[in-house]
Amino acid sequence: MSKIPTARIIVLSGPSGSGKSTLLKRLFAEYPDTFGFSVSHTTRKPRAGEMDGKDYHFVTKEHMMEEVSKGKFIESATFSGNMYGTSIKAVKDVVDAGKVCMLDIDMQGVQLVKKTDLNPRYVFIQPPSLEILEQRLRGRGSEDEGSIQARLSACKAELEYAKQPGSYDFTIVNDDLNRAYEDLKVAIF
């Protein structure tokens, strides 16, 4: 018998560049019928290789603001001038398909989800250090200097929040991908 996750919704959070996407891709490859990804909405432009409806739902700021005002989002936040958010429909689609819904959201989103009755499991992916995180962000080649500095500043706030008791159920330091992946499975199953 295969393992069954102990929560129907799992919130994965951590700074940009901490390795959340890499860990999620690995998890989905090993357990394709168990997990579903809640595709977030954003008002930013797609990066090279990103696909609408798969990586994000890319929408206009006006559309997203209207949907948020109508209460159609569990959480939304603005970062570097762009809105990001998780719609109720995106989560419902995954759960209705019989899968465990994975949410990849930032600290602001975590704080908003904590105000709901969803009762997910919260997992924080922590970079080994700010220096390594900066190397990862610069290595992407998709960020301008202002965006890198904004992400590093946000990272400091996220790391401080993660230190607070009760902010997350599990913290995983992603200094070794294989170990971090095994730790993620322990947190989920």
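Here is a short chat between a student and a tutor about reading a predicted protein model.

Student: Where do I start? How many helices and strands does the protein have?

Tutor: Start with the parts list. This is a predicted model, and the protein has 7 helices and 9 strands.

Student: Okay, and what does the radius of gyration tell me about the protein?

Tutor: You set the value beside what a compact globule would give. For 189 residues that would be near 16 Å, and the protein has 16 Å, so the two agree. As for extent, the C-alpha trace spans about 50 × 40 × 35 Å along its principal axes.

Student: What share of the residues is buried?

Tutor: Buried residues make up 46% of the 189. On the outside, the accessible surface comes to about 9900 Å², and 52% of that belongs to carbon and sulfur atoms.

Student: How do I read contacts between residues that sit apart in sequence?

Tutor: Take the contacts between residues at least 6 apart, then ask what share joins residues at least 24 apart; in the protein that share is 67%. For a single pair, try Asp33 and Gly98: they are 65 residues apart in sequence, yet their C-alpha atoms are 8.8 Å apart in space. Asp33 sits in the loop between helix H1 and strand S2.

Student: Is Asp33 buried or exposed?

Tutor: Exposed residues have over 50% relative accessible area. Asp33 has 67%, so Asp33 counts as exposed.

Student: Now a charged one. Is Arg151 in helix H6 buried or exposed?

Tutor: The cut-off for buried is under 20%. Arg151 has a relative accessible area of 12%, so Arg151 is buried.

Student: Which residues does Arg151 touch?

Tutor: Leaving out residues up to four places away in sequence, Arg151 touches Ser16, Arg47, Phe79, Tyr84, Leu137 and Glu143. With Ser16 there is also a polar contact of 3.3 Å between the side chains.

Student: What about phi? Which sign do most residues have?

Tutor: Most residues other than glycine have a negative phi. Now look at Ser80, which is not a glycine but has a positive phi of about 50 degrees. Ser80 lies in the loop between strands S5 and S6, and is partly exposed at 43% relative accessible area.

Student: And what is the phi of Asn119?

Tutor: Near 55 degrees, again a positive value in a residue other than glycine. Asn119 is in the loop between helix H4 and strand S8, and is exposed, with a relative accessible area of 67%.

Student: Last one: how far apart are the mean positions of the positive and negative charges?

Tutor: With 26 positive and 26 negative charges, the mean positions are 2 Å apart.

Definitions and conventions: Residues numbered from 1 in each chain as written. Predicted model: local features only at pLDDT ≥ 70, side-chain atom pairs only at ≥ 80, totals over all residues. Heavy atoms only, no water. Helix = DSSP H or I, 4+ residues; strand = E, 2+ residues; numbered from the N terminus. Rg over C-alpha atoms; globule rule 2.2 N^0.38 Å. Buried < 20%, exposed > 50% of the residue type's maximum accessible area, 1.4 Å probe, protein only. Contact = heavy atoms within 4.5 Å. Areas by Shrake-Rupley, 256 points an atom, 1.4 Å probe, with all protein chains shown as cover. Lys, Arg positive; Asp, Glu negative; His and termini not counted. Charge placed at Lys NZ, Arg CZ, Asp CG, Glu CD. Polar contact = N/O pair within 3.5 Å; in protein donor to acceptor, adjacent residues only side chain to side chain.
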